[in-house]
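Work through the exercises below with the model open beside you, and try each task before you read its solution.

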Amino acid sequence: MFQRQDRMIALTFDDGPQPGPTNEILDILSENQARATFFVLGNIAIQHPDLTRRIVQEGHDIGVHSLSHPNFQETEIYEVYRELIDSTLLLEDLLGIPVKYVRPPYGFSTAEAQFLFDRIGLQSILWTYDTLDWEILDADVIAGNMLENIQPREIVLLHDIHPATAQAMRIAIPQLVDQGYELVTISEYLETQENTLS
Ligand SMILES: [Zn+2]
């Protein structure tokens with residue numbers, strides 16, 4: 001018999017929010033009683049405050065993905081600091097809750113950047129399954145690959161700025177739920193990981 005945590009998948013959406021795709025993905029998640037995590041860009045979130053609030057109001061997690069998407073490996077450390085602190089404060093101001101997670105752009109970081117994550121109180125979250133949705137841009141292929149390859153306890157990388165990604169979620173999410181997967185936030189995912197370890 002499966003334990004609850006054995007059937008968990010954490011969908012994560014980077015680079016948004018973008019009104020079209022983000023709203024559609026939120027609708028699909030809500031219709032399927034599914035949850036996810038959104039790593040937003042500060043410079044974009046500030047342009048869409050209501051949409052950014054909608055993410056947390058509907059029970060999803062939000063994390064920072066920097067202000068403007070620089071590669072932290074090619075950015076002066078004081079700039080990395082500004083990107084992290086400004087996007088975190090901006091989001092906390094907008095949402096009225098602490099922001100706990102960071103996904104560095106491209107998944108790239110350095111020891112110095114990791115030190116800043118710790119100092120600011122951000123836990124870095126990467127992924128275990130890359131859909132390459134930004135490159136494929138075809139809903140059927142993105143969804144088909146996911147349904148064929150995804151494993152329990154996968155952290156899935158997606159981008160809520162492409163209409164094809166939203167369309168792919170329209171296909172994949174109901175089927176994953178049908179297959180008995182529970183789509184959870186990063187907080188829920190980490191909670192059960194800790195339980196598993198203890
Ligand atoms: Zn990104």
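**Exercise 1.** In this predicted model, find which protein atoms serve as donors of the zinc ion, and work out where Asp-15 and His-69 lie along the chain.

*Solution.* Begin at the zinc ion, whose protein donors are Asp-15 (OD), His-65 (NE2) and His-69 (NE2), at 2.0 to 2.1 Å from it. Next, read these donors along the chain, where their spacing is D-x49-H-x3-H. Asp-15 belongs to the loop between β1 (8-14) and α1 (19-31), while His-69 belongs to the loop between β3 (61-64) and α4 (77-95), so the pair ties together parts that are 54 residues apart in sequence.

**Exercise 2.** Decide whether Asp-15 and His-69 are buried or exposed.

*Solution.* The step needs one cut-off, since buried means under 20% relative accessible area. Asp-15 has a relative accessibility of 16% and therefore counts as buried; His-69, with a relative accessible area of 18%, is buried too.

**Exercise 3.** Examine how the rings of Phe-13 and Phe-38 are arranged, and say which strands they lie in.

*Solution.* The whole structure holds three aromatic pairs, one of which is formed by Phe-13 and Phe-38, stacked with 5.1 Å centre to centre and 20 degrees between the planes. Because Phe-13 lies in strand β1 and Phe-38 in strand β2 (residues 37-40), the pair ties together parts that are 25 residues apart in sequence. Both Phe-13 and Phe-38 are buried.

**Exercise 4.** Identify the ring whose face Arg-7 lies over, and do likewise for Arg-153.

*Solution.* Arg-7 lies over the face of Tyr-181, at 4.3 Å from the ring centre, and Arg-153 lies over the face of Tyr-189, at 4.2 Å from the ring centre.

Technical notes
Residues are numbered from 1 along each chain as its sequence is written. This is a predicted model: local features need pLDDT of at least 70, side-chain atom pairs count only at pLDDT 80 or more; totals for chains, interfaces and linings use all residues. Side-chain values use heavy atoms; hydrogens and water are left out. Donors are N, O and S atoms within 2.8 Å of the metal (3.2 Å for Na, K and Ca); water is not among the atoms, so sites may look incomplete. Helices (H or I, at least four residues) and strands (E, at least two) are DSSP runs, numbered from the N terminus. Buried means under 20% relative accessible area, exposed over 50%, partly exposed in between (1.4 Å probe, protein chains only). Rings of Phe, Tyr and Trp (its six-membered ring) pair if their centres lie within 6.5 Å; planes under 30 degrees apart count as stacked, over 60 as edge-to-face and the rest as tilted. A charge sits over a ring if NZ of Lys or CZ of Arg is within 6 Å of the ring centre and within 35 degrees of the ring normal.
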